[in-house]
Amino acid sequence: MIGILVAEHLPLVRRGLVASLDCEADLKVVADVGNGEEVLPSVLRHGPDTAVIDVDLPDVDGFTAALRLRENTPDCRILLLSRHPNPGQVRRAFAVQALGFMSLDVGPEQLADGVRRVAAGGRAVDSELAVAALESAENPLTRRELDVLRLAAQGARSDEIADQLFLSVGTVRNHMSRIMCKTHARNRLDAVRIASDSGWL
């Protein structure tokens, strides 16, 4: 019997995942949680073989929750789910050493098979997404440029970014200009979108 933790913030979707997995004779959901903060404590408490985690969890996102599991409970195998999968997310999934990455649009049988493969130590990643992730461009942004863009993604103005990063407003504007040039973005919102889709943020 494969024990599973399900982490999904939308109650109806979470119940559907639990019901779907529990229908399988060899799978058993031992715990389910609604946000990323609860993932590690729940895994430590219930000891599942596999954690099925939505990447878009509130408070602590699925990638961060997965990284915490890898660092603290390496025996728990991880399968990440996404509503809008893209190559950047696959790269981030690989970076946190998740064995599985699937769309929330997959059928119940595909999800169950994915859980079985991950529990056995294999990979469960859509082949087209995996190829696209390998072919996608490396991150061209410096660490400081990423710091600036992350704050911009949260809606911070140039003066607020400058205050938080102890920079001048002019330096922040220079960083944003280089970011838009490197990402070929039309404006800062477009740069945020491109960087997010590419998995750089």
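Two bridges join strand E5, which covers residues 100-103, to strand E6, and these two strands run parallel. Within this pairing, Gly100 has Ala124 of E6 as its bridge partner. This is a convenient place to enter the structure, which is a predicted model.

On its other pairing, E5 is joined to E4 by four bridges, again in the parallel sense. Here Ser82 is the residue that stands opposite Ser103 of E5. What lies over the two faces of E5, and are its residues buried or exposed? Both faces are covered, with Gly100 and Met102 on one side and Phe101 and Ser103 on the other, and all of these residues are buried.

The strands just described belong to an open sheet of six strands, whose order is E2-E1-E3-E4-E5-E6 and whose pairing is parallel. Which strands stand at the edges of this sheet? They are strand E2, residues 27-33, and strand E6, residues 124-125; each has a single partner strand, so one side of each is left without a neighbour in the sheet.

The sheet can now be set within the whole chain. The protein chain has 10 helices along with its six strands, and its C-alpha atoms fill a box of roughly 60 × 35 × 30 Å when this is taken along the principal axes. Of the 201 residues in the chain, 46% count as buried. If one considers the contacts in the chain with a separation of 6 or more, 63% of them are accounted for by residues 24 or more positions apart.

Two of the helices can be described by the strands they lie across. Helix H1, made of residues 11-22, lies across strand E1 (2-7), E2 and strand E4 (77-82), and it runs at about 165° to E2. Helix H2, made of residues 39-46, lies across E1, E2 and strand E3 (50-54), and its angle to E2 is about 140°. His46 has its place in helix H2, and with a relative accessible area of 37% this residue is partly exposed. When neighbours within four places in sequence are left aside, His46 is in contact with Val30 and Ala31. By contrast, the C-alpha atoms of His46 and Thr142 are separated by 40 Å, and these two residues are 96 residues apart along the chain.

Further along the chain, the helices can be followed through their contacts with one another. Two packed helices are described by the angle between their axes and the distance between the axes. Helix H7 (residues 143-153) and helix H8 (residues 158-165) pack at an angle of about 130°, and their axes are 10 Å apart. That angle makes H7 oblique to H8, and the crossing of H7 and H8 is right-handed. From H7 the contact is made by Arg144, Asp147, Val148, Leu151 and Ala152, and from H8 by Ile161, Gln164 and Leu165. Sorted by class, the residues of this contact of H7 with H8 comprise five nonpolar, one polar and two charged.

H8 also meets helix H9, residues 169-183, and here the axes come within 8 Å and cross at roughly 110°. That makes H8 roughly perpendicular to H9. In this contact, Ser158, Asp159, Ile161 and Ala162 of H8 meet Val169, Val172 and Arg173 of H9. The contact of H8 with H9 has four nonpolar, one polar and two charged residues. Ile161 of H8 therefore appears in the contact with H7 and also in the contact with H9. The chain continues to helix H10, residues 188-197, which is the place of Arg193. At 43% relative accessibility, Arg193 counts as partly exposed. The C-alpha atoms of Arg193 and Ala153 are separated by 8.7 Å, although these residues are 40 residues apart along the chain.

Finally, two loop residues deserve a look at their backbone angles. Most residues other than glycine have a negative phi, and most peptide bonds are trans. Asp59 is not a glycine, yet it has a positive phi of about 70°. Asp59 is placed in the loop between E3 and helix H3 (62-72), and it counts as exposed at 67% relative accessibility. His184, likewise not a glycine, has a positive phi of about 60°. The place of His184 is in the loop between H9 and H10, and at 69% relative accessibility this residue counts as exposed.

Methods
Residues numbered from 1 in each chain as written. Predicted model: local features only at pLDDT ≥ 70, side-chain atom pairs only at ≥ 80, totals over all residues. Heavy atoms only, no water. Axes fitted to C-alpha atoms, helices over the stretch in contact; angles between N-to-C directions. Parallel < 35°, antiparallel > 145°, perpendicular 65-115°, else oblique. Left-handed = near helix turned anticlockwise from the far one by under 90°. Contact = heavy atoms within 4.5 Å. Nonpolar A, V, L, I, M, F, W, Y, C, P; charged D, E, K, R; others polar. Pairing = 2+ DSSP bridges. Buried < 20%, exposed > 50% of the residue type's maximum accessible area, 1.4 Å probe, protein only.
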